[in-house]
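Visitor: I am new to this structure and would like a close look at one part of it. Could you pick a single stretch and walk me through it, please?

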Amino acid sequence: MRSPRIPLTPLEAVTAGLLAGAVGTVCLDAVHYLKYRRAGGTDSPPAWEFAPVENWEKAPDPGQVAKRVVEGFTQRRLPDDSAWLTSTIAHWAYGSAAGAAYGILAGSLPRPSPVYGVPFGAAVFAGDYVALPIAGLYKPIWQYDAETLAWDLGAHIAYGTGTAIAFWLLSRLGTGAVCHRP
(Lines give C-alpha, C1' and ligand atoms only; values in the text may rest on other atoms or scores of the structure.)
Protein backbone atom coordinates (compact mmCIF):
# COMPACT_ATOMS: atom_id res chain seq x y z
CA MET A 1 0.00 0.00 0.00
CA ARG A 2 1.30 3.43 -0.97
CA SER A 3 1.54 6.12 1.62
CA PRO A 4 -0.43 9.26 0.81
CA ARG A 5 1.54 12.00 -0.90
CA ILE A 6 2.35 14.93 1.34
CA PRO A 7 1.79 18.03 -0.77
CA LEU A 8 4.66 20.43 -1.28
CA THR A 9 4.49 23.85 0.29
CA PRO A 10 4.59 26.70 -2.22
CA LEU A 11 8.23 27.41 -1.29
CA GLU A 12 9.15 23.75 -1.78
CA ALA A 13 7.40 23.70 -5.16
CA VAL A 14 9.19 26.85 -6.33
CA THR A 15 12.56 25.60 -5.05
CA ALA A 16 12.15 22.21 -6.70
CA GLY A 17 10.95 23.94 -9.88
CA LEU A 18 13.99 26.24 -9.98
CA LEU A 19 16.34 23.28 -9.63
CA ALA A 20 14.35 21.22 -12.11
CA GLY A 21 14.38 24.10 -14.60
CA ALA A 22 18.18 24.18 -14.43
CA VAL A 23 18.22 20.44 -15.18
CA GLY A 24 15.82 21.06 -18.06
CA THR A 25 18.11 23.78 -19.40
CA VAL A 26 20.97 21.26 -19.50
CA CYS A 27 18.68 18.94 -21.50
CA LEU A 28 17.74 21.71 -23.95
CA ASP A 29 21.39 22.63 -24.39
CA ALA A 30 22.29 18.98 -24.98
CA VAL A 31 19.97 18.90 -27.99
CA HIS A 32 21.39 22.17 -29.32
CA TYR A 33 24.92 20.87 -28.73
CA LEU A 34 24.11 17.69 -30.66
CA LYS A 35 22.93 19.83 -33.57
CA TYR A 36 26.14 21.88 -33.35
CA ARG A 37 28.30 18.73 -33.42
CA ARG A 38 26.34 17.27 -36.35
CA ALA A 39 27.06 20.49 -38.24
CA GLY A 40 30.80 19.95 -37.71
CA GLY A 41 31.39 21.81 -34.45
CA THR A 42 34.35 20.59 -32.41
CA ASP A 43 34.21 22.52 -29.12
CA SER A 44 33.76 20.57 -25.90
CA PRO A 45 30.38 20.96 -24.18
CA PRO A 46 31.71 23.51 -21.60
CA ALA A 47 33.57 25.49 -24.28
CA TRP A 48 30.45 25.54 -26.44
CA GLU A 49 28.08 26.37 -23.56
CA PHE A 50 30.20 29.21 -22.26
CA ALA A 51 31.64 30.44 -25.57
CA PRO A 52 32.62 34.10 -25.53
CA VAL A 53 30.12 36.64 -26.83
CA GLU A 54 32.09 39.54 -28.27
CA ASN A 55 29.32 42.11 -28.59
CA TRP A 56 25.57 42.59 -28.49
CA GLU A 57 25.16 41.96 -32.22
CA LYS A 58 26.40 38.40 -31.64
CA ALA A 59 24.54 37.83 -28.36
CA PRO A 60 21.97 35.01 -28.28
CA ASP A 61 18.28 35.73 -27.82
CA PRO A 62 18.16 35.42 -24.00
CA GLY A 63 20.91 38.02 -23.79
CA GLN A 64 19.07 40.30 -26.22
CA VAL A 65 15.91 40.12 -24.11
CA ALA A 66 17.86 40.78 -20.89
CA LYS A 67 19.66 43.70 -22.53
CA ARG A 68 16.35 45.30 -23.48
CA VAL A 69 14.94 44.80 -19.98
CA VAL A 70 18.02 46.12 -18.17
CA GLU A 71 18.48 49.07 -20.52
CA GLY A 72 14.78 49.91 -20.36
CA PHE A 73 14.77 49.77 -16.58
CA THR A 74 18.05 51.60 -15.96
CA GLN A 75 17.90 53.93 -18.98
CA ARG A 76 21.60 53.15 -19.53
CA ARG A 77 23.26 51.29 -22.39
CA LEU A 78 25.02 48.05 -21.52
CA PRO A 79 28.58 47.84 -22.84
CA ASP A 80 29.58 45.11 -25.30
CA ASP A 81 31.83 43.50 -22.71
CA SER A 82 28.74 42.59 -20.65
CA ALA A 83 27.12 40.62 -23.50
CA TRP A 84 28.57 37.23 -22.49
CA LEU A 85 27.74 37.40 -18.79
CA THR A 86 24.30 38.90 -19.37
CA SER A 87 23.47 36.28 -22.02
CA THR A 88 24.66 33.39 -19.87
CA ILE A 89 22.78 34.54 -16.79
CA ALA A 90 19.63 35.26 -18.83
CA HIS A 91 19.69 31.81 -20.47
CA TRP A 92 19.96 29.95 -17.17
CA ALA A 93 17.58 32.31 -15.37
CA TYR A 94 14.91 31.88 -18.04
CA GLY A 95 15.15 28.09 -17.85
CA SER A 96 15.07 28.12 -14.07
CA ALA A 97 12.22 30.64 -13.86
CA ALA A 98 10.10 28.61 -16.27
CA GLY A 99 10.92 25.61 -14.10
CA ALA A 100 9.68 27.51 -11.04
CA ALA A 101 6.41 28.19 -12.84
CA TYR A 102 6.22 24.49 -13.67
CA GLY A 103 6.89 23.69 -10.01
CA ILE A 104 3.99 25.84 -8.88
CA LEU A 105 1.65 24.18 -11.37
CA ALA A 106 2.87 20.59 -10.99
CA GLY A 107 3.24 20.97 -7.22
CA SER A 108 -0.43 21.85 -6.96
CA LEU A 109 -1.49 18.63 -8.67
CA PRO A 110 -2.37 15.49 -6.71
CA ARG A 111 0.58 13.63 -8.27
CA PRO A 112 3.27 15.35 -10.38
CA SER A 113 4.24 13.17 -13.33
CA PRO A 114 7.18 13.17 -15.73
CA VAL A 115 4.76 12.92 -18.67
CA TYR A 116 3.65 16.50 -18.01
CA GLY A 117 7.02 17.60 -19.34
CA VAL A 118 6.08 17.04 -22.97
CA PRO A 119 3.18 19.52 -23.05
CA PHE A 120 5.17 21.87 -20.81
CA GLY A 121 8.12 21.88 -23.23
CA ALA A 122 5.76 22.36 -26.18
CA ALA A 123 4.11 25.28 -24.39
CA VAL A 124 7.49 26.96 -23.74
CA PHE A 125 8.36 26.44 -27.43
CA ALA A 126 5.04 27.97 -28.51
CA GLY A 127 5.48 30.88 -26.11
CA ASP A 128 8.90 31.63 -27.56
CA TYR A 129 7.49 31.71 -31.08
CA VAL A 130 4.78 34.14 -29.97
CA ALA A 131 6.83 36.49 -27.76
CA LEU A 132 10.15 36.61 -29.61
CA PRO A 133 8.72 37.65 -33.02
CA ILE A 134 6.82 40.44 -31.25
CA ALA A 135 10.15 41.52 -29.73
CA GLY A 136 11.74 41.46 -33.19
CA LEU A 137 14.19 38.67 -32.25
CA TYR A 138 12.53 35.83 -34.21
CA LYS A 139 10.76 35.77 -37.54
CA PRO A 140 7.14 34.61 -37.49
CA ILE A 141 7.00 30.84 -37.06
CA TRP A 142 5.76 30.23 -40.62
CA GLN A 143 8.99 31.74 -42.01
CA TYR A 144 11.15 28.93 -40.54
CA ASP A 145 11.84 25.67 -42.32
CA ALA A 146 10.51 22.43 -40.88
CA GLU A 147 13.97 21.15 -39.87
CA THR A 148 14.76 24.24 -37.78
CA LEU A 149 11.39 24.06 -36.05
CA ALA A 150 11.75 20.32 -35.45
CA TRP A 151 15.16 20.76 -33.80
CA ASP A 152 13.90 23.64 -31.67
CA LEU A 153 10.71 21.82 -30.69
CA GLY A 154 12.79 18.74 -29.84
CA ALA A 155 15.09 20.86 -27.66
CA HIS A 156 12.10 22.34 -25.84
CA ILE A 157 10.50 18.92 -25.36
CA ALA A 158 13.84 17.77 -23.89
CA TYR A 159 13.75 20.84 -21.63
CA GLY A 160 10.20 20.12 -20.49
CA THR A 161 10.85 16.43 -19.98
CA GLY A 162 14.08 17.05 -18.07
CA THR A 163 12.33 19.62 -15.91
CA ALA A 164 9.37 17.33 -15.22
CA ILE A 165 11.52 14.32 -14.37
CA ALA A 166 13.77 16.36 -12.07
CA PHE A 167 10.73 17.92 -10.37
CA TRP A 168 9.08 14.53 -9.98
CA LEU A 169 12.23 13.09 -8.42
CA LEU A 170 12.71 16.05 -6.10
CA SER A 171 9.09 15.99 -4.99
CA ARG A 172 9.13 12.19 -4.43
CA LEU A 173 12.53 11.73 -2.90
CA GLY A 174 12.92 14.83 -0.78
CA THR A 175 16.62 15.11 -1.64
CA GLY A 176 17.34 17.88 0.82
CA ALA A 177 16.48 20.59 -1.66
CA VAL A 178 12.83 19.77 -1.07
CA CYS A 179 12.13 18.16 2.29
CA HIS A 180 8.87 16.44 3.12
CA ARG A 181 7.35 17.17 6.45
CA PRO A 182 6.60 14.17 8.70
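Guide: Let's go straight to helix α3, where G63, Q64, A66, K67 and E71 are buried, a word used here for residues under 20% relative accessible area, while exposed means over 50% and partly exposed lies in between, with a 1.4 Å probe and protein chains only. These buried residues sit on the same side of α3, because they cover an arc of only 165 degrees around the axis; the arc is that of the directions from the helix axis to the C-beta atoms. Turn to the other side of α3 and you will find V69 and F73, which are exposed. The partner of the buried residues is α4 (83-107), against which they pack, and contact here means heavy atoms within 4.5 Å.

Before going further, please keep in mind that this is a predicted model, in which local features need pLDDT of at least 70 and side-chain atom pairs count only at pLDDT 80 or more, while totals for chains, interfaces and linings use all residues. Residues are numbered from 1 along each chain as its sequence is written, and side-chain values use heavy atoms, with hydrogens and water left out.

Now follow α3 from end to end. This helix takes in residues 61-74, 14 residues in total, and its first and last C-alpha lie 20 Å apart, close to the 20 Å expected at 1.5 Å a residue; the expected span is 1.5 Å times one less than the number of residues. Just after α3 comes Q75, with a positive phi of about 60 degrees.

Stepping back, the protein chain has six helices and zero strands, in the order α-α-α-α-α-α from the N terminus on. Helices (H or I, at least four residues) and strands (E, at least two) are DSSP runs, numbered from the N terminus. The C-alpha trace spans about 55 × 40 × 35 Å along its principal axes. Of the 182 residues in the protein chain, 37% are buried. Among contacts between residues at least 6 apart in sequence, 76% join residues at least 24 apart.

For one more stop, look at helix α5 (residues 117-134), where V130 is found. V130 has a relative accessible area of 53%, so this residue counts as exposed. From V130 to V53 the distance is 26 Å, C-alpha to C-alpha, and the two are 77 residues apart in sequence.
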